[in-house]
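This report describes the fold, the strand pairing, the nonpolar core and the largest pocket of one protein chain. The sequence and the structure are shown first.

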Amino acid sequence: MHKAAYAQSSNNSNAGFGETTNLSLPNGKSIPIKYIINTGKLLGVVLDKSRATLIATISSASADNWNLTIQIPRDVVDNKKEGNADAPFRVHVDGKDATFRETDNSKTARTLSIQFNKDAKVIDIIGSKSTVQ
């Protein structure tokens, strides 16, 4: 059995981001995850620490081209290569490789813009480490 962390959405306003969801950790603490989603809905976020994967559950309606922009704190999930340099994340939508780009990168967070189509349900953001306690 692995420990998972869960998130609930809130409608707090953030500069540059429309929404915040709070990632609840097994220790009772929570970490804010900022995001913007066009027309769809982010239903929740779960951290699978054992796989260094942030899993976003989404709901999309009838339009074709959707986008989720999400700011990922580096201690939640990060992806590094040798020499501790940043490496691109792997992103899957419903188990298939997704089209995405990294739009921002700081010492504390990385921001991804992820495209998905109607009827998409799950986005996996896969890194190499999760150091959140």
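The account below moves from the overall fold to the strands, the core and the pocket.

The model is predicted, with local features requiring pLDDT of at least 70 and side-chain atom pairs counting only at pLDDT 80 or more, while totals for chains, interfaces and linings use all residues. Residues are numbered from 1 along each chain as its sequence is written, and side-chain values use heavy atoms, with hydrogens and water left out.

**Overall fold**

The protein chain holds 11 strands and zero helices; both are DSSP runs numbered from the N terminus, helices being H or I of at least four residues and strands E of at least two. Of its 133 residues, 44% count as buried, where buried means under 20% relative accessible area, exposed over 50% and partly exposed in between, with a 1.4 Å probe and protein chains only. Contacts are heavy atoms within 4.5 Å. Among those between residues at least 6 apart in sequence, 56% join residues at least 24 apart.

**Strand pairing**

Two strands pair if DSSP finds at least two bridges between them. The table lists antiparallel pairs.

| Strands | Bridges | One bridge pair |
|---|---|---|
| S4 and S5 | seven bridges | Leu 42 and Ile 58 |
| S5 and S11 | five bridges | Leu 54 and Ile 125 |
| S7 and S11 | four bridges | Arg 90 and Ile 126 |
| S7 and S8 | two bridges | Val 93 and Lys 96 |

Strand S5 (residues 53-59) is mostly covered, with five of its seven residues buried. S5 forms a hairpin with S4, with four residues between the two strands, and Ala 52 in the turn has a positive phi of about 50°. The hairpin of S7 and S8 has two residues between its strands, and there Asp 94 takes a positive phi near 50°.

**The nonpolar core**

In soluble globular proteins, nonpolar side chains tend to be buried together. A nonpolar core is a set of buried Ala, Val, Leu, Ile, Met, Phe, Trp, Tyr and Cys residues joined through side-chain atoms within 4.5 Å. The largest one here has 29 residues, of which Leu 54, Ile 70, Ile 114, Phe 116, Ile 123 and Ile 125 touch the most other members. At least two residues of this core come from each of S3 (30-37), S4, S5, S6 (66-73), S7 (90-93), S10 and S11.

Beyond its neighbours within four places in sequence, Ile 70 contacts residues including Ile 33, Tyr 35, Leu 54, Leu 112, Ile 114 and Ile 125. Ile 72 lies in strand S6, and it counts as buried because its relative accessibility is 0%. With neighbours within four places again left aside, the contacts of Ile 72 include Leu 54, Val 77, Ala 109, Leu 112 and Ile 125. Ile 72 and Ala 109 are 37 residues apart in sequence, yet their C-alpha atoms are 5.4 Å apart in space.

**The largest pocket**

A pocket is an open set of points on a 1 Å grid over the protein atoms alone, where a 1.4 Å probe fits, with protein on both sides within 12 Å along at least five of seven lines; lining residues have an atom within 4 Å of a point. About 190 Å³ of space lies in the largest pocket. Its lining includes Val 93, Asp 94, Lys 96, Asp 97, Gln 115 and Phe 116. Strands S8 (96-97) and S10 (109-116) are the elements that give two or more residues to this lining. By residue class, the lining divides into four nonpolar, three polar and four charged residues.

Notes. Grid points are joined across faces, edges and corners, and a volume is the space filled by probe spheres set on the points. Ala, Val, Leu, Ile, Met, Phe, Trp, Tyr, Cys and Pro count as nonpolar, Asp, Glu, Lys and Arg as charged, and the others, Gly among them, as polar.
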